[in-house]
Amino acid sequence: MLSLHKTVRKYYGEAIVVTQEVDDIISSPVVKESIINNSDCKILLDQRKYMNKFDQIQALLGLTEKEKSQILSINMANNPSRFYKEVWIGLGGTQSAVYATEVSAEEYLAYTTEETEKVEVYRLAEQLGGDIEAAIRQLAERRRNR
């Protein structure tokens with residue numbers, strides 16, 4: 001793993017690691033060292049579930065206090081009438097910011113993992129003869145007209 005990351009960087013490439021659990025990375029010393037030490041670009045989503053142990057994560061990722069406060073602010077004051085989530089991007093320890101990633105209502109409804117929203121889409125699709133696309137279009141239109 002370590003040589004993979006070093007080799008990829010040597011040839012101006014980027015190895016990408018995606019995980020939902022920070023423990024996936026930090027549980028192995030070899031993986032932790034090869035990934036964390038060779039990652040100039042870090043992208044973090046909402047970390048509220050790690051709020052109580054974020055000091056550990058901050059130390060592990062080498063984050064500044066400013067970066068920590070940026071990360072812990074993610075999705076804390078989102079506009080409820082818009083379909084977006086926030087993401088933190090840190091580049092080489094020199095630049096970082098929180099960005100909103102917004103998709104259309106249709107895209108949001110197609111990929112949502114919120115159980116109540118999925119049920120709403122499937123119920124309407126059932127009424128429309130199983131046409132999920134039509135259900136998504138109708139629900140998106142309703143949301144825009146609220």
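**Exercise 1.** Determine whether R144 is buried, exposed or partly exposed, and describe its salt-bridge partner in helix α8.

*Solution.* At a relative accessibility of 42%, R144 counts as partly exposed, given that buried means under 20% relative accessible area, exposed over 50% and partly exposed in between, with a 1.4 Å probe and protein chains only. The model is a predicted one, in which local features need pLDDT of at least 70 and side-chain atom pairs count only at pLDDT 80 or more, whereas totals for chains, interfaces and linings use all residues. Residues are numbered from 1 along each chain as its sequence is written, and side-chain values use heavy atoms, with hydrogens and water left out.

Next, R144 forms a salt bridge (a side-chain nitrogen of Lys or Arg within 4 Å of a carboxyl oxygen of Asp or Glu) with E141, and the closest N and O atoms are 3.2 Å apart. The two residues are three apart in helix α8 (helices being DSSP runs of H or I with at least four residues, strands runs of E with at least two, both numbered from the N terminus), which separates R144 and E141 by about one helical turn. E141 is itself partly exposed, at 38%, and a network of salt bridges links E106, E141 and R144.

**Exercise 2.** Find which parts of the chain the salt bridge between R82 and E102 ties together.

*Solution.* Eight salt bridges are found in a search of the whole structure. In the pair R82 and E102, the closest N and O atoms lie 2.7 Å apart. R82 belongs to the loop between α5 (65–72) and β2, and E102 to strand β3 (95–102), so this pair connects parts that are 20 residues apart in sequence. Both partners are partly exposed, R82 with a relative accessible area of 41% and E102 with 43%.

**Exercise 3.** Describe the volume and lining of the largest pocket.

*Solution.* A pocket is an open set of points on a 1 Å grid over the protein atoms alone where a 1.4 Å probe fits, with protein on both sides within 12 Å along at least five of seven lines, and its lining residues have an atom within 4 Å of a point. The largest pocket holds about 1,200 Å³, a volume being the space filled by probe spheres set on the points, which are joined across faces, edges and corners. Its lining comprises 36 residues, with V17, T19, I43, L44 and L45 nearest the centre, and β1 gives the most, four residues.
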